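Here is a short report on a predicted model. Look at the sequence and the structure first.

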Amino acid sequence: MSNTPIELKGSSFTLSVVHLHDAKPEVIRQALEDKIAQAPAFLKHAPVVINVSDLEGPVNWSPIQQTILETGLRVVGISGCKDSELKADIERAGLPLLTEGKEKPQRQVATPAPVAPVVTPVTKTRLIDLPVRSGQRVYAPNCDLIVTSHVSAGAELIADGNIHVYGMMRGRALAGAGGDKDAQIFCTHLTAELVSIAGEYWLSDRIPADFYGKAARLRLANNALTIQPLD
């Protein structure tokens, strides 16, 4: 047992990011309530990061924050803030300002040539031969994830690389969790509650009916999810 009263360790979590494109509290409330109603088990009381990079002009942060809290979401941080006055309002509200991986750091070391973004290489594959039951979460850090059995509703698959499911896929699949936009999802029977690649996601009602229950392949094209038959 440690002799110190606390212990500080690093960790990582998969969080949903809510991008605000409008500063009107009533518009934000309606949009969030509609999203939560589509997947209450996934989004109700969910911890989220709020991205404000698209908000322009003077922004009154207090009513926006209150509106988000009233929908039941738990705000754990703010990202994409470039306006100094808005930053001050957010700091006064006691919320941390975060920097997403795709954003440039404020301080940069001069380099002779542009350096390409570093993507953590996929070094191996995690293989799951057993069914993934409701309430279970399987994470494959820095690698692909292959499940040869069924994934129940309420179960969650997370991988920094690709996700392959060779049974019935009823749960949630989040590929490219580390930001890899080249990650893909392959399912032989797609009936998922949610599919996501590098933060871009569809709930079940966004999956085209022609692909529901079929073999399908999902990937990003121009930063948007696309789907095609898995032949």
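The notes below cover the nonpolar cores, one helix and one sheet.

This is a predicted model, not an experimental one. Its largest nonpolar core has 31 residues. Leu145, Leu157, Ile163, Ile185 and Leu190 have the most contacts inside that core. Take Leu190. Beyond its neighbours within four places in sequence, Leu190 touches residues including Met169, Val195, Ile207, Phe211 and Ile227. Its contacts also include Gly213 and Lys214. A second core is separate and has 22 residues, among them Ile28, Val52, Trp61 and Ile78.

| Core | Residues in core | Among its members |
|---|---|---|
| Largest | 31 residues | Leu145, Leu157, Ile163, Ile185, Leu190 |
| Second | 22 residues | Ile28, Val52, Trp61, Ile78 |

Next, helix α1. It covers residues 25–38, 14 residues in total. At 1.5 Å a residue, α1 should span 20 Å, and its end C-alpha atoms are 20 Å apart, so the two values agree. Ile28, Leu32 and Ile36 of α1 are buried. These three cover an arc of only 60 degrees around the axis, so they lie on the same side of α1. Glu26 and Ala37 are exposed, on the face turned away from that buried side.

Now the sheet. It is open, with five strands in the order β6-β8-β10-β12-β13 and mixed pairing. The edges are β6 (137–140) and β13 (200–203). Each has a single partner strand, so one side of each lacks a neighbour in the sheet. From one strand to the next, the twist averages 5 degrees. β6 and β8 (residues 156–159) run parallel, joined by four bridges. Tyr139 has Ile158 in β8 as its bridge partner.

How values were computed. Residues numbered from 1 in each chain as written. Predicted model: local features only at pLDDT ≥ 70, side-chain atom pairs only at ≥ 80, totals over all residues. Heavy atoms only, no water. Core = buried A, V, L, I, M, F, W, Y, C linked by side-chain atoms within 4.5 Å. Buried < 20%, exposed > 50% of the residue type's maximum accessible area, 1.4 Å probe, protein only. Contact = heavy atoms within 4.5 Å. Helix = DSSP H or I, 4+ residues; strand = E, 2+ residues; numbered from the N terminus. Expected span 1.5 Å × (residues − 1). Arc of directions from axis to C-beta. Pairing = 2+ DSSP bridges. Axes fitted to C-alpha atoms, helices over the stretch in contact; angles between N-to-C directions.
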